[in-house]
Amino acid sequence: GVLVFNKPEPQRRNFAPRIGIAYSPGTSGKTSIRAGFGMAYDVLYDNIGILSLPPQLSSTVDTDPLGSANGSGPNFLKNGGILPNASVGSLSRADAIASTSNFVPDQKLPYSIQYNLGVQHVFANNYTFEIRYLGTRGVHLNVQQRVNVLSKVDSTHFLPTYLSAPSQATLDSLPTTLTALQARPRIASQFLAAGFTNNIVEFSPIGNSTYNGLALQLDRRFTNGLQFKTAYTWSHLIDDSTADFFTTRLTPRRTEDFQNLKRDKASSALDRRHRFTFVAVYDVPFMSHSSNWLAKNILGNWEFAPIYTFESPEYATVQSSTDSNLNGDSAGDRTILNPGGVDGTSSNVTALKNTAGATVAYLATNPNARYIKAAAGALTNSGRNTLPTRRINNVDLSIIKRFSYHERFKLELVGQFLNAFNHPQFTPGSINQITSIGTTGSGVLNYVTAGNKDFNNPEAAFASNARVIQVAAKIVF
């Protein structure tokens, strides 16, 4: 009655409508109004089910058609088939329940609801301006949970953390000790009664996200040797889960409290509040049509293509790297937020004991810190993704030189300068490409761990995105 180990059922009727409309008012044809709505379904990673098989779905009951083991023999079905007390491989039914650490629910595919409205206008013949509202809602997003695990620490059972040292009398009057908290149950009672004693991991379809964005874009079509595109986006992405596998330290893959996903609702790790880009191509007209071959090919035939990008920083979750709530998992435990503390600072703590020698509270080493480590038994109050990493402020540049020999033969020399000014940018990713960069190392963990000497020190955690120069040659004939 707690978990039903049926064959996981797939979804067979996923309705995904799409509708769009475009309207051009007046007769000029220079203004367009567009709107759209749609739903789209995603897929689940294949290895979620493979890695999560419980003993009930991955063990066999061996029978002997000539004997009587496990109820087999000539009257196998008449005698009840596989009996409830049949051994599962080398496991009994009770052993299989006790060793269960995974559960595969019926399939619920994640899906998005998308909606948009935009107005586009052409002016001065060569320019197009567009303003758009974009919205997306994510439903049934995958979340890695331990469905039967409780937090021993809650709003009425915790050890306080002080900014200034309390008196010994105050410590002696505190009713809760660390030992008493550790003695509280960690597995939910209904699971214990059914024989489930291990952590049961389930990839649950309970996550949600909401994105709202305003996008502005101005284009100039290629004319008189110049083309450019500039765009600005203001947006906000909110979710309660981002990474469901161990792909980064910056945002934990599991929620802090397995019984309260609402506490994890916050700005997403994928949120970039502001993004501005400018891209141009300028074909220098100087000497490009000269009849003098040397003037045309030495002084002329130059092309410049700059790209400027400004982007708000990725936000990371400050962590204690301690099992603060005593639920057996330190991966998602956050910190104690000091509203009066200095931005970007953190503090460790020391244990405070009563006269009986029991730990009853903690004292912040630096009372002026914004983030204070939550030690074992402390109650956290900080949210996900509150620590800004570093923003992107970058210029890339391509320079092209052409040499023409008659009409059919041309040589192009191209120089590409990524981070052209070699401006150090210690960001948790690449500044000019989407190549995946791992953020699971110890340096990244130190960066987000309150009280660590490398807390909020990007130079100890991320690469500087140093300038890269690429040179190419192209022959056209």
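**Reading pockets and salt bridges**

Analyst: In this predicted model, the lining of the largest pocket comprises 20 nonpolar, 19 polar and eight charged residues (Ala, Val, Leu, Ile, Met, Phe, Trp, Tyr, Cys and Pro count as nonpolar, Asp, Glu, Lys and Arg as charged, the others, Gly among them, as polar). Residues are numbered from 1 along each chain as its sequence is written, and side-chain values use heavy atoms, without hydrogens and water. Local features need pLDDT of at least 70 and side-chain atom pairs 80 or more, while totals for chains, interfaces and linings use all residues.

User: How much space lies in the largest pocket, and which residues are closest to its centre?

Analyst: Rolling a probe the size of a water molecule over the atoms shows where empty space is left. On a 1 Å grid over the protein atoms alone, a cavity is where a 1.4 Å probe fits but cannot get out, whereas a pocket is an open set with protein on both sides within 12 Å along at least five of seven lines, and lining residues have an atom within 4 Å of a point. The largest pocket holds about 1200 Å³ (the space filled by probe spheres on grid points joined across faces, edges and corners), and of its 47 lining residues, Thr 242, Ala 269, Leu 270, Arg 272 and Glu 314 are the closest to the centre. At least two lining residues come from each of strands E2 (31-41), E3 (111-123), E4 (127-146) and E7 (226-239) (DSSP runs of at least two residues, numbered from the N terminus).

User: What is the volume of the largest cavity, and what lines it?

Analyst: The largest cavity has a volume of about 100 Å³, and Pro 252, Arg 254, Thr 255, Asp 264 and Arg 384 are the closest to its centre among 17 lining residues. Its lining has four nonpolar, six polar and seven charged residues.

User: Which parts does the salt bridge between Arg 272 and Glu 314 tie together?

Analyst: A salt bridge places a side-chain nitrogen of Lys or Arg within 4 Å of a carboxyl oxygen of Asp or Glu, and Arg 272 and Glu 314 meet at 3.4 Å, N to O. Arg 272 lies in the loop between strands E8 (266-267) and E9 (274-283), and Glu 314 in the loop between strands E10 (302-311) and E11 (315-316), so the pair ties together parts that are 42 residues apart in sequence. Arg 272 is partly exposed at 22% relative accessibility, whereas Glu 314, at 14%, is buried (buried means under 20% relative accessible area, exposed over 50%, partly exposed in between, with a 1.4 Å probe and protein chains only).

Note on methods:
Helices (H or I, at least four residues) and strands (E, at least two) are DSSP runs, numbered from the N terminus.
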